[in-house]
Amino acid sequence: MGIAAGIVGLPNVGKSTIFNALASAKVEAANYPFCTIEPNTAIVPIPDSNLEIIQQLCPAEKVVPAVLEIVDIAGLVKGASKGEGLGNKFLGHIKQVDAVLHVVRCFDDAEIIHVEGKVDPLRDIQIVETELMLADMETVEKALHRYEKDARGGDKEALKKAGILARVKTGLEAGRSIRQEIKVPEEKEALKELFLLTIKPVLYIANVDEEGILEDNDYYKKLEQFARQQEAEIIKICGLTEAEIAELALAEQKEFLESLNLKEPGLYRLIRRAYHLLGLQTFYTAGPDENRAWTIARGTMAPQAAGVIHTDFEKGFIRADIYSIEELQQYGSEASVRAAGRLRSEGKEYVLKEKDIVFFKFNV
């Protein structure tokens, strides 16, 4: 789908450490600002217990998980919108992603310098948000001038967009992000061509130390309260621990996680949260050759979902035969699901649900 989430934050908050663990990539994570100059991109598989269930009950030669594109964007600093640090180059990279994974440092360590001198999660967020809002303000003012001019010429669509932008401009002037002002999907779509930064959904990643994983520290508590007020999502992980886990073999990972009283790596939760933050969901196809998870936007109808597999499937869509993961578990095989009369035949108006296993019928 070409949908990506970008990791942002101030320098030395643990962005590259977390990215390395996510991607098993060898991105430099040095103890100085701007060590990540070009955005690093990784295609990350989505941890998926449903796909494991399908493979167990309907073994296939090949298993293909859904994936998420993650972009590691170099650290922003105060004044970035005016060219400080590496400035607008970073802002330009953020424009290309669909959601923001904002890493916030929530631990003390005298050996890791902080670009602002001391750890303060809320101040760090304010610095990044302010720079993004200043960049958005410049974009909004230019677009508003253009749309107002077109609206005076009788362009109704320009009049509509000018009205939305005027409201957005007022919010930005008051220190409110665009996502706080724009909640209606149609209004978001109207502004899509502007690639605004603070309209993107945000997941705050609280990067804590090992003690902070076991018990919430004061930094995390403040960040959690802030996220609640902003109606934003938040997740807590220890970047250094996740980096250690990523280097271990699967059997060693299990032992290590048990020693920390954890069920799974924190990165698994992070990937799934980022996936859903983007408004994505998964459906499955199953067969002897391949069991596969496919990514679609929530609310996608059957023909468009078929088109994700191949455009011919959408053009010649006839119907979709569907059953759920739960039904597969209950009856033990697709043949048994079919024999029990639980295989449903759905048409063009069917909206796919999470955990649907689908066989598309089409005619080209």
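**Notebook: salt bridges, a sheet and a helix residue**

Entry 1. I began with lysine 169, which is partly exposed at a relative accessible area of 21%; here buried means under 20%, exposed over 50% and partly exposed in between, with a 1.4 Å probe and protein chains only. I note that this is a predicted model, in which local features need pLDDT of at least 70, side-chain atom pairs count only at pLDDT 80 or more, and totals for chains, interfaces and linings use all residues. Residues are numbered from 1 along each chain as its sequence is written, and side-chain values use heavy atoms, without hydrogens and water.

Entry 2. I then looked up the partner of lysine 169. Its side chain meets that of glutamate 173 in a salt bridge, with 2.7 Å from N to O; the term requires a side-chain nitrogen of Lys or Arg within 4 Å of a carboxyl oxygen of Asp or Glu. Both residues belong to helix 5 (residues 156–173) and lie four residues apart, about one turn of the helix. Helices (H or I, at least four residues) and strands (E, at least two) are DSSP runs, numbered from the N terminus. By the salt-bridge rule, I record a count of 20.

Entry 3. Which residue does lysine 361 pair with in a salt bridge? The partner is aspartate 321, and the closest N and O atoms are 3.3 Å apart. This pair links distant parts of the chain, since lysine 361 sits in strand 12 (residues 356–362) and aspartate 321 in strand 10 (residues 317–324), 40 residues apart. I found lysine 361 to be partly exposed, at 27% relative accessibility, whereas aspartate 321 is buried at 8%. Arg319 also enters here: Arg319, Asp321 and Lys361 are linked in a network of salt bridges.

Entry 4. Strand 12 also takes part in another such pair. Arginine 344 forms a salt bridge with aspartate 356, with 4.0 Å between the closest N and O atoms. Distant parts of the chain are again linked: arginine 344 is in strand 11 (residues 344–346) and aspartate 356 in strand 12, twelve residues apart. Is aspartate 356 buried or exposed? I recorded aspartate 356 as buried, because its relative accessibility is 4%; arginine 344 is partly exposed at 27%.

Entry 5. I turned to a sheet. Six strands form an open sheet of mixed pairing, in the order 2-4-1-5-6-7; strands pair if DSSP finds at least two bridges between them. At the edges are strand 2 (40–45) and strand 7 (233–237), each pairing on one side only. From one strand to the next, the twist averages 25°. Angles run from 0 to 180 degrees between N-to-C directions, and axes are lines fitted to C-alpha atoms, for helices over the stretch in contact.

Entry 6. Strand 2 pairs with strand 4 (residues 67–72) in the antiparallel sense over six bridges. In strand 4, glutamate 69 is the bridge partner of isoleucine 43.

Entry 7. I looked up helices on the sheet. Helix 4 (residues 121–152) lies across strand 5 (99–105) and strand 6 (202–207), at about 145° to strand 5. Helix 9 (residues 218–229) packs on the sheet and touches strand 5, strand 6 and strand 7, its direction making about 160° with that of strand 7. Contact means heavy atoms within 4.5 Å.

Entry 8. I closed with glutamate 326, found in helix 15 (residues 325–331) and partly exposed at 40% relative accessible area. Its C-alpha atom is separated by 9.5 Å from that of asparagine 50, although the two residues are 276 residues apart along the chain.
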